[in-house]
Amino acid sequence: MAAPKTGLAAATEDGIDLFTVLSTDFLLSPSGNKVDLKELEGKTIGLYFAANWYSKCETFTPVLARVYHQLKELGSEFEVVYVSSDEDHASFERFHSLMLWPAIPFSDLKSRRSLTQRFQIEGIPSLIILNSKGELIRTDGVELVNRYECRAFPFTSERMAELEADEKAKHASQTLEKLLSLHGRDCVISHEQQVPISKLVGKTVGLYFSAQECLPCTKFTSKLASIYDNLKEKNEEFEIVFVSMDKDEAGYLQCYSEMPWLALPYNDESSRALARYFDLQGIPALIIIGPDGKTVTKEGRNLINLHLEMAFPFTEAQIRLLQEKLDEEAKGYPSTFHHVGHRHILNLVSENRGGGPYICCECEEQGLGWAYQCLGCGYEIHLKCGREAEGESTGTKQAETDNSSCAFSSSGL
């Protein structure tokens, strides 16, 4: 999201001090002490818009805290200022206590609203980056911190260009060994033994990012395990390696106990490094690596949900073939149907007309391409889920008819 240089950035360019727009002359430390605004002068500043009640803020805050701590240790001139959207003062204090940086006082509603409006904040968490002159340089600080961590500093366009060039070079020279051999490791593990990474070379490999506490992960793991077993029965050259996103080793062990495939040994930093490398936006995620060691697709989860084991080997040619088949099958679906449970008319839509990507409101799994969608409220489901819902609707009507008949017969007797 590119924000125009209005508000605070424009005020600074006109020679007005950045924080003269605030209604207070101090910030608050997490312990409640006053912090003079002068301590921010000459620093790159991240305005952190967040709230305790939103899970994505709870997830991102410790990531930002780790980066903030690392930058402080390196002596970087970086500061973060918390702009709260908490429900009340007690919630603000609890959430701010988890942070390492100062905040605009919760009582200063005018300043918080002003900053939110000036930077057109439409969603949280949001990290707006201002340079040492107070000029707006980035509105995508959350994405950059998640992707590059402390390497993103000082968030300039020059720095971003360097990081992107470095990433491009790494992806160009990517091999399976380089991906999995972090910290000199030359093997992955199965439930019984260690397996040399060299034994996976030449196969299609799925890197499965998942975690024990994630409900969508639990559901997808079950489906993926069934697909994996089917492909193994067919002797396909396919393997999966679990990359844990668990908070601790206990969660990792419990999560892996339900999986039939290989895994990387638990290492929080290695897992985060791989997640950053592939720029993951959420879990579960299935990254497909081809026999040549290059990334085939980051949409393995989507493709499994759409095509089951037929998605293998996940190549463009295979997916194009399956998509053509789906397009042909879609011709046999009704263009609309009345969803009894949803109580709305659902319309058949294609990918080009709003069909994806989406989260199916029936099975809560990802979808892409053809879908049934309520144009009024955005309710959207897989075609197969639509067929099942339509079948259940017919079955319900038939059951009602049968029950009425039985009741009539009983009355007749």
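Start by selecting helices α5 and α6: α5 passes α6 in a left-handed crossing. Keep in mind as you go that this is a predicted model. The two axes cross at roughly 45° and come within 13 Å. With a cross angle between the parallel and perpendicular ranges, α5 and α6 are therefore oblique to each other. Now show side chains. From α5, the contact uses L144, R147 and Y148, and from α6 it uses M160, L163, E164 and E167. Colour that α5–α6 contact by class and you should get four nonpolar residues, three charged ones and no polar ones.

Stay in the loop between α5 and α6 for a moment, and pick E149. Its phi is near 50°, a positive value in a residue other than glycine. Is E149 buried or exposed? At a relative accessibility of 8%, E149 is under the 20% cut-off, so it counts as buried.

Next, zoom out. The protein has 13 helices and 19 strands in total, and 46% of its 413 residues are buried. If you draw contacts between residues at least 6 apart in sequence, 58% of them join residues at least 24 apart.

Time for the largest nonpolar core, which holds 49 residues. Select L47, Y48, F49, Y82, W101 and F119, the members that touch the most others in this core. Then colour the elements that give it two or more residues: β3 (44–50), α2 (55–73), β4 (78–84), α3 (89–96), β5 (126–130), α5 (141–148) and α6 (157–172). Which element gives the largest share of this core? That is α2, with eight residues.

Centre on F49. Leaving out residues up to four places away in sequence, F49 touches V83, L115, T116, F119, I121, I124, P125, S126 and I128. Apart from the largest core there is another one, of 28 residues; F238, M259, F312 and F314 are among them.

Two of the residues around F49, I124 and P125, deserve a click of their own. The peptide bond from I124 to P125 is cis, with omega near 0°. P125 sits in the loop between α4 (109–118) and β5. For another cis bond, go to I283 and P284, where omega is near 5°. P284 lies in the loop between α10 (268–277) and β12 (285–289).

Now bring up α11 (residues 300–307) and α12 (residues 316–330). These helices pack at an angle of about 40°, and their axes are 12 Å apart. That angle makes α11 oblique to α12. As with the opening pair, look down the crossing: α11 passes α12 in a left-handed one. L303, L306 and H307 make the contact from α11, and I319, L322 and L326 make it from α12. By class, this α11–α12 contact has five nonpolar residues, one polar and no charged.

While α11 is on screen, select N302, which is found in that helix. N302 has a relative accessible area of 2%, so this residue is buried. Beyond its neighbours within four places in sequence, N302 is in contact with P357, Q366, G367 and L368.

Last stop: R343, in the loop between β14 (336–339) and β15 (344–349). Phi of R343 is near 65°, a positive value in a residue other than glycine. How does R343 come out, buried or exposed? With a relative accessible area of 67%, R343 is exposed.

How values were computed:
Residues are numbered from 1 along each chain as its sequence is written. This is a predicted model: local features need pLDDT of at least 70, side-chain atom pairs count only at pLDDT 80 or more; totals for chains, interfaces and linings use all residues. Side-chain values use heavy atoms; hydrogens and water are left out. Axes are lines fitted to C-alpha atoms, for helices over the stretch in contact, and angles run from 0 to 180 degrees between N-to-C directions. Helices (H or I, at least four residues) and strands (E, at least two) are DSSP runs, numbered from the N terminus. Angles under 35 degrees count as roughly parallel, over 145 as roughly antiparallel, 65 to 115 as roughly perpendicular and the rest as oblique. A crossing is left-handed if the near helix is turned anticlockwise from the far one by less than a right angle, and right-handed if clockwise. Contact means heavy atoms within 4.5 Å. Ala, Val, Leu, Ile, Met, Phe, Trp, Tyr, Cys and Pro count as nonpolar, Asp, Glu, Lys and Arg as charged, and the others, Gly among them, as polar. A nonpolar core is a set of buried Ala, Val, Leu, Ile, Met, Phe, Trp, Tyr and Cys residues joined through side-chain atoms within 4.5 Å. Buried means under 20% relative accessible area, exposed over 50%, partly exposed in between (1.4 Å probe, protein chains only).
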